[in-house]
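Work through the exercises below with the sequence and the model open. Each one has a task sentence and then a stepwise solution.

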Amino acid sequence: MKLSYLLSNQLSQLAKEVIVLLQNHITSLGFTPVIHFELEGCYQKSTQFAHSPIDFSLMNLNLKKLRIDGEVIPEYWQQQWEYVSLFNGQLPLKEADNLASALYHLPKLFAQQGIEKTLIKPVVWAGDKGKLAIGCDNVFSGESRDVHIPNAIQMNVSVNNDKGENIIIKDFFGEYLQQCFIETSLGCSLLYLPEEEAFERFALKSKYGLAAELCSPTDISGGHQGSIALYKEKGKHNQAMGEKPLLYDHNNDVLLSENQWHKTARIEHRLGASSIYYNAYLNVIYGLLNIIDALDALKNNQCKSLLNVSDENKPLPESLMNTNSSVGAIALFEKEQWFAKSINRVECLINQNKDKPENINNKKLGDELKKMILAAYQPQALIIKS
């Protein structure tokens, strides 16, 4: 199924309008939302440049010239890279602009260094070779086999109060925000899994026996190591968060350090698939709506009382379409009510605060946006020209 206009200007422009609405609402509550992205991809070199290393410093200089708040670094697998957002104080709309621009410009920047193909896709088939030695995390055996590389887009979320303090650590806000994401991730999976290959990515471990080599999450889970992780004192690998060296010895080894985990505490939504069809604006909206739900609970001092602790992991859909054993992502999004209603509710609140009569603005942005998203997946959808 072709995604006829998922990245069209009309869809993104409407999404930008919604982001501004949600940002303004959160600001009116006395808070600042903080959203950052990480994007994985791969590249394939031409024979002429097969042995030439990538100059990542030059690429990052060019990203800076393009006013993109991000850098590209080498990733774990051969010819894999990662785009990492920079913390420059940008608001979520600018962060969405950053990622959308990076998706467009990165293939051009890689091409300048002799890269034949830049692959921004959920799976790079046979992207590397190797097999981990038994019981080892980073030591490979002599046995060689194809490794199909999964590429993810990760969204990191936190919230600051009017004093610039990260409130993820306060009054069970982080725990409740994590629960909000867990509860909404299934119905909104179409937003972060926008193409069929995104679902093949989840089957790589079991279908190809790559469980030891691959660590990408495959279901909706919480804790500090799940697919929707809450990082406070500990990170994904049980490492101390926010560790800042204070004193080094003559060998440059750390003698004294302090942990500032309260500054780096965040939710990491780790289920998104790298894809040229991934719409940064829609996913920022998804993040902001969850923040607003959690702020409503915080305002009423209900974050702790509303927590519903469960160790049960939720399966993701198996496909965009319905299968014999799973409702598809398209049908799930069509049935769910939270996304559009949440946007409509904020729109109504903003208009009430402006003393606008109901009949002046009755667009219901949430309904309009959801309808446009679903239209992109209709077999006979018309291409909207920008």
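**Exercise 1. Locate Gln79 and list what surrounds it.**

Step 1. Gln79 sits in the loop that joins strand S2 (70–74) to strand S3 (80–85); helices (H or I, at least four residues) and strands (E, at least two) are DSSP runs, numbered from the N terminus. This is a predicted model, in which local features need pLDDT of at least 70 and side-chain atom pairs count only at pLDDT 80 or more, while totals for chains, interfaces and linings use all residues. Residues are numbered from 1 along each chain as its sequence is written, and side-chain values use heavy atoms, with hydrogens and water left out.

Step 2. The relative accessible area of Gln79 is 27%, so the residue is partly exposed (buried means under 20% relative accessible area, exposed over 50%, partly exposed in between, with a 1.4 Å probe and protein chains only).

Step 3. Not counting residues up to four places away in sequence, Gln79 touches Gly41, Cys42, Tyr43, Gln44 and Lys45; contact means heavy atoms within 4.5 Å. For Gly41, the separation from Gln79 is 38 residues in sequence and 8.6 Å in space, C-alpha to C-alpha.

**Exercise 2. Summarise the protein as a whole: its secondary structure, burial, contacts and surface.**

Step 1. The secondary structure consists of twelve helices and 13 strands.

Step 2. Of the 386 residues, 49% are buried.

Step 3. Among contacts with a separation of 6 or more, 73% come from residues 24 or more positions apart.

Step 4. The accessible surface is about 19400 Å², and carbon and sulfur atoms hold 50% of that. The areas come from the Shrake-Rupley method with a 1.4 Å probe; for residues, only the protein chains shown count as cover.

**Exercise 3. How many disulfides does the structure hold, and are Cys188 and Cys348 buried or partly exposed?**

Step 1. A disulfide is a covalent bond between the sulfur atoms of two cysteines. The criterion used here is a pair of cysteine sulfur atoms within 2.5 Å, and the structure holds zero disulfides.

Step 2. Cys188 has 1% relative accessibility and therefore counts as buried. Cys348 has a relative accessible area of 37%, which means that it is partly exposed.

**Exercise 4. Describe the nonpolar cores, starting from the one with the largest size.**

Step 1. A nonpolar core is a set of buried Ala, Val, Leu, Ile, Met, Phe, Trp, Tyr and Cys residues joined through side-chain atoms within 4.5 Å. The largest has 90 residues, and Trp81, Ile285, Phe339 and Leu369 have the most contacts inside it. Helix H9 (residues 280–299) supplies the largest share of this core, 13 residues.

Step 2. A second, separate core has ten residues, including Val124, Val147, Leu210 and Leu214.

Step 3. Phe339, leaving aside its neighbours within four places in sequence, is in contact with Cys188, Leu191, Ile285, Leu289, Phe333, Leu369 and Ile373.

**Exercise 5. Give the geometry of the H1 and H11 pair, then place Val346 in it.**

Step 1. The axes of helix H1 (residues 9–28) and helix H11 (residues 338–353) come within 10 Å and cross at roughly 65°. Axes are lines fitted to C-alpha atoms, for helices over the stretch in contact, and angles run from 0 to 180 degrees between N-to-C directions.

Step 2. The crossing of H1 past H11 is left-handed, that is, the near helix is turned anticlockwise from the far one by less than a right angle (right-handed if clockwise).

Step 3. From H1, Val18, Leu21, Leu22 and His25 meet Ile343, Val346, Glu347, Leu349 and Ile350 of H11.

Step 4. Val346 belongs to helix H11 and is buried, because its relative accessible area is 1%. Not counting residues up to four places away in sequence, Val346 touches Leu21, Leu22, His25 and Ile292. Val346 and Leu21 are 325 residues apart in sequence and 7.6 Å apart in space, C-alpha to C-alpha.

**Exercise 6. Where do Asp171 and Asn301 lie, and what is the phi of Asp171 and of Asn301?**

Step 1. Most residues other than glycine have a negative phi.

Step 2. Asp171 has a positive phi of about 50°. Asp171 lies in the loop between strand S7 (152–161) and helix H4 (173–185), and is exposed, with a relative accessible area of 54%.

Step 3. Asn301 has a positive phi of about 55°. Its loop runs between H9 and strand S13 (314–315), and Asn301 is exposed at a relative accessible area of 66%.
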